[in-house]
Amino acid sequence: MEIQKLNKEIRDNYLERMKIRPPERLSVSWYQDDLLYRGSGKSLFVIVPTPGCSWALGDSGGCTMCSYISDCTLEPIDDELIIQLFKKELDKHLDDIKTDGKTMPIAIKIFVSGSFLNPQEISKEVRCEILETISKIDEIKEVIVESRPEYVKKEAIEEIFPIIGDRLFEVSIGLESQNEFIREEKINKGFSKEDFEKAVNIMAKIDNDEDNDYKAKSKAYIFIKPILTSEKEAIDEAIQTAYYAESVGVSRVSFCPATIHKGTIIERFWRKGSYQPPWIWSVIEVINETRKNLNIPSFMDTSGFGSRRGPYNCKKCNKDLKHTIIDSNIKQSVIDDYECQCKNEWLAEINSKNFNKSKTKIKHLPLI
Ligand code: SF4
Ligand SMILES: [Zn+2]
């Protein structure tokens, strides 16, 4: 429980110091190549400002690696304003969507820095209005949102389809790890595998229901390298989590290698030299293993790659490998052999993972 206590303390501290930006400065969008369910196409990403993730703002202090609340207002936002900002972002890309939509499928990914399906974060009225707006754009064929599993309710999902018509709807859920201890104690996720499976099953049941044509999918986010995890353990755990996610019926997995967010426990460990984000070599290991063995698509998030706070190899190969990985996400290909002198350093770390390891079970180690 020491982790939770420290996590909450760090979060409260950060919230006190956090510079709050107005909603108008928090809405952002970008448009890029992507691999959709229908094949190669484009995705529009829209960040919609909200008061913030309930899990992060509650007594738990939220997940140990995440500070998405810094992109939130921490106070209620007028529904009308949220809708207006969403439409403004959408309008910026409408011409491109209309043109590209003639030759390729288009998806929209709505990020609310928390759970789209939690009415405390985004009211039902706003949710419906956003979906209504999307439904008027024929070119958009897939709608992707993020949510914690406890908000994935049959009734809420079934309300969505009459609005979006025959578009595919995917909920991405931050499972992070299949290991209950890692998810609970190192990430402070606050939900069980059972909760996750329940949400996946709700989506699958709607998807398979022969009485409707709804296309309801789920995706698992998998976190690479939580705190107190060796490089080798991080690789193995990410791979195992992908296998587990596929076995319980998700349609896709997306790996999120750690980056150091401000005001988090992971940042505290990093500043004290007790934590380092994963090597890009490790990320490649995860890609290659899972692409060979999974029957569902897997994606690798490359944000923060090559930066001081993100996955890092060396100045010579960071950029090259980042672009290779982005390209491989679209093609779902493995990463070909690539040589750089930093690889031996990584191999040394992987092969010596147990040298300093205590035999005491981590459960019984006090943190502070
Ligand atoms: S990872 Fe998701 S659930 Fe966890 S604190 Fe961040 S936004 Fe909230
Ligand atoms: Zn290198």
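**Strand pairing, core and ligand shell of the predicted model**

Strands β2 and β3 (residues 106–111) pair in the parallel sense over 6 bridges; two strands pair if DSSP finds at least two bridges between them. Helices (H or I, at least four residues) and strands (E, at least two) are DSSP runs, numbered from the N terminus. Within this pairing, K42 stands opposite I106 of β3. The structure is a predicted model, in which local features need pLDDT of at least 70 and side-chain atom pairs count only at pLDDT 80 or more, whereas totals for chains, interfaces and linings use all residues. Residues are numbered from 1 along each chain as its sequence is written, while chains are lettered from A and ligands numbered from 1 in the order in which they are written.

Strand β2 (residues 39–47) also has β1 (residues 28–36) as an antiparallel partner, joined to it by 9 bridges. The connection from β1 to β2 is a hairpin of 2 residues. Here W30 finds its bridge partner in F45 of β2. Ahead of β1, the loop that follows α1 (2–17) contains K19. With 5 C-beta neighbours inside 10 Å, K19 counts as exposed; the cut-offs are 20 or more other C-beta atoms within 10 Å of a residue's own for buried, 12 or fewer for exposed, and partly exposed in between, with C-beta atoms placed from the backbone. The C-alpha atom of K19 is separated by 41 Å from that of I296, 277 residues apart along the chain.

Taken as a whole, the protein contains 12 helices and 8 strands. Its radius of gyration is 20 Å, which agrees with the value near 21 Å for a compact globule of 368 residues. That radius is taken over C-alpha atoms, and the globule rule is 2.2 Å times the number of residues to the power 0.38. Along the principal axes, the C-alpha atoms fill a box of roughly 60 × 45 × 40 Å. Buried residues account for 40% of the 368 residues. Of the contacts between residues at least 6 apart in sequence, 78% join residues at least 24 apart, a contact being two C-beta atoms, placed from the backbone, within 7 Å.

Strand β5 (residues 168–176) offers a good place to look inside the fold. All 9 of its 9 residues are buried. Both faces are covered, with L168, E170, S172, G174 and E176 on one side and F169, V171, I173 and L175 on the other. In a regular strand the side chains alternate between the two faces of the sheet. A parallel neighbour, β4 (residues 140–146), is joined to β5 by 5 bridges, and I144 has E170 as its bridge partner in β5. E176 is buried, with 27 other C-beta atoms within 10 Å. The phi of E176 is near 70°, a positive value in a residue other than glycine. Most residues other than glycine have a negative phi. L228 also has a positive phi, near 55°, but this residue sits in the loop between β6 and α8. L228 counts as partly exposed, with 16 C-beta neighbours inside 10 Å.

The largest nonpolar core has 83 residues, and I222, I224, A238 and F255 have the most contacts inside it. Such a core is a set of buried Ala, Val, Leu, Ile, Met, Phe, Trp, Tyr and Cys residues joined through C-beta atoms within 7 Å. Helix α8 (residues 231–247) supplies the largest share of this core, 7 residues. Beyond its neighbours up to four places away in sequence, I222 touches L175, E176, A238, T241, A242, V253, F255 and C256. F255 is also the bridge partner of I222 in β7. Strands β6 (residues 215–224) and β7 run parallel and are joined by 6 bridges. In β7 (residues 252–257), 5 of the 6 residues are buried.

Ligand 1 is surrounded by C53, W55, A56, G62, C63, C66, Y68, G114, R148 and G174; a residue is near a molecule if its C-beta atom, placed from the backbone, lies within 6 Å of it. G174 is also one of the buried residues of β5. By class, the shell has 6 nonpolar, 3 polar and 1 charged residues. Ala, Val, Leu, Ile, Met, Phe, Trp, Tyr, Cys and Pro count as nonpolar, Asp, Glu, Lys and Arg as charged, and the others, Gly among them, as polar.
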